[in-house]
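Here are some notes from going through the model, meant to be read with the viewer open. They go point by point, so feel free to skip around.

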Amino acid sequence: MTKWIVGNWKMYGEPQMARSLAQAVVQAAARAPQQVQVVLCPPALLVCQLVQAVQGSPVGVGGQDCHTQPEGAFTGNISAPMLKEAGAGYVIVGHSERRALHGESSEQVRQKAAQAISAGLVPIICVGETLAERDSGKALEVVAQQVLASLPENAKAGNFVLAYEPVWAIGSGKTPSTQDIVQMHAHIIGVVAAQQEKGSAPVAVLYGGSVKPENAADILSQGEVSGVLVGGASLRAEQFCSIIEAA
Ligand code: PGA
């Protein structure tokens, strides 16, 4: 089973840092087994540069967001076909920072994921509960609803990936227990399986939220976890490379 190690740089990074980080990641990925898929998601302006930097290596490049439309009068936005044209193979959609800070609904996330798939990108569709939702015992229900509302019609086994990122675990240093992660992932896999054709391969569900070299091996060793989506630690070559090694 492929284990995904995805770095989400958020709004950090400049050309020189991108160059040296990409170099280190390419080397770490070359030492990893074939079943490890490393993807770097820099700010949009660095996508072309990273595509060049990882050329000839198995490392992929992704965007952090795309629009619900392929083109149009949408000042400040970029579309899935543009990312594809720039050489990206992936795009994160529905990250909790987009949902919370930009008011994105699951319906918009669904449209973005649909655009990504039509453009030939693999969307990494993010879902996750808030702390209040977890504390009130609604985490499984909330996440299932997000998954169902965010999955586009053209989503078929293998052309998209999900990422479970509890909102309260992002950038906080806190993570759910391994047991809670496994329970949620199994739940998501079941929810998606019920939507897909019988016999489809189970969906890959990545975990995200305060993934560090210290907890990566444990999280990645769970069969229900197909990889990790890494924020803060993906900006430090040493930390990100040791997460790749953990895979
Ligand atoms: P973090 O971010 O690893 O810094 O918690 C994860 C994410 O936002 O994808």
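**Notes on the predicted model**

1. Let's start with Tyr-90, which is buried, with a relative accessible area of 12%. Keep in mind throughout that this is a predicted model. Tyr-90 belongs to strand β4, residues 90-93. Its contacts beyond four places in sequence include Trp-4, Gln-37, Val-39, Leu-121, Val-122 and Ile-124, and also the run Gly-60, Val-61, Gly-62 and Gly-63. For Val-61, the C-alpha separation from Tyr-90 is 6.4 Å, with the two positions 29 residues apart along the chain counted as their spacing.

2. Next, Gly-7 in strand β1. How accessible is Gly-7, buried or exposed? The relative accessible area comes out at 0%, so Gly-7 counts as buried. Leaving out residues up to four places away in sequence, Gly-7 touches Val-39, Leu-40, Cys-41, Val-230, Ser-234 and Phe-240. Cys-41 is 34 residues away along the chain, yet the C-alpha atoms of Gly-7 and Cys-41 are separated by 5.8 Å.

3. On to the core. The largest nonpolar core has 66 residues, and those with the most contacts inside it are Ile-5, Val-38, Val-147, Phe-160, Leu-162 and Ile-188. Helix α1 (residues 15-31) gives the most to this core, namely eight residues. There is also a second, separate core of 14 residues, with Trp-4, Val-122, Ile-124 and Ala-204 among its members. Ile-5 is worth clicking on: among its contacts beyond four places in sequence are Val-36, Gln-37, Val-38 and Val-39, along with Leu-220, Val-228, Phe-240, Ile-243, Ile-244 and Ala-247.

4. A closer look at α1. The helix has 17 residues and spans 25 Å from first C-alpha to last, close to the 24 Å expected at 1.5 Å a residue. Which residues of α1 are buried? They are Met-17, Ala-18, Leu-21, Ala-22, Ala-24, Val-25, Ala-28 and Ala-29. These buried residues pack against β2 (36-41), α2 (47-53) and α10 (237-246).

5. Helix α7 (residues 139-150) has twelve residues and reaches 16 Å between its end C-alpha atoms, close to the 16 Å expected at 1.5 Å a residue. On the buried side you'll find Ala-139, Val-142, Val-143, Ala-144, Gln-146, Val-147 and Ser-150. The elements covering them include α4 (96-101), α5 (106-119), β5 (122-127), α6 (131-135), β6 (161-164) and α8 (178-195).

6. How do α7 and α8 pack? The angle is about 40° and the axes are 10 Å apart, with a right-handed crossing. From α7, the residues involved are Ala-139, Leu-140, Val-143, Ala-144, Val-147 and Leu-148; from α8 they are Gln-183, Met-184, His-187, Ile-188, Val-191, Val-192 and Gln-195. By type, the contact divides into ten nonpolar, three polar and no charged residues. Val-147 and Ile-188 also appear among the residues with the most contacts inside the largest nonpolar core.

7. Two backbone angles deserve a look. Most residues other than glycine have a negative phi. Lys-10, in the loop between β1 (3-8) and α1, has a positive phi of about 50° although it is not a glycine. Ser-210, in the loop between β7 (205-208) and α9, likewise has a positive phi, near 55°. Are these two loop residues buried or exposed? Lys-10 has a relative accessible area of 19%, and the cut-off for buried is under 20%, so Lys-10 counts as buried. Ser-210 is buried too, at 9%.

8. Pro-213 sits in helix α9 (residues 213-220). Its relative accessibility is 23%, so Pro-213 counts as partly exposed. Setting aside residues up to four places away in sequence, Pro-213 touches Gln-239, Ser-242 and Ile-243. The C-alpha atoms of Pro-213 and Glu-238 are 9.1 Å apart, for a sequence separation of 25 residues.

9. Last one: Asn-159, in the loop between α7 and β6. Which residues is Asn-159 in contact with, beyond its neighbours within four places in sequence? The list is Ile-117, Leu-121, Val-122, Pro-123 and Asn-154. Arg-110, 49 residues from Asn-159 along the chain, has its C-alpha 14 Å from that of Asn-159.

Key. Residues are numbered from 1 along each chain as its sequence is written. This is a predicted model: local features need pLDDT of at least 70, side-chain atom pairs count only at pLDDT 80 or more; totals for chains, interfaces and linings use all residues. Side-chain values use heavy atoms; hydrogens and water are left out. Helices (H or I, at least four residues) and strands (E, at least two) are DSSP runs, numbered from the N terminus. The expected span of a helix is 1.5 Å times one less than its number of residues. Buried means under 20% relative accessible area, exposed over 50%, partly exposed in between (1.4 Å probe, protein chains only). Contact means heavy atoms within 4.5 Å. A nonpolar core is a set of buried Ala, Val, Leu, Ile, Met, Phe, Trp, Tyr and Cys residues joined through side-chain atoms within 4.5 Å. Axes are lines fitted to C-alpha atoms, for helices over the stretch in contact, and angles run from 0 to 180 degrees between N-to-C directions. A crossing is left-handed if the near helix is turned anticlockwise from the far one by less than a right angle, and right-handed if clockwise. Ala, Val, Leu, Ile, Met, Phe, Trp, Tyr, Cys and Pro count as nonpolar, Asp, Glu, Lys and Arg as charged, and the others, Gly among them, as polar.
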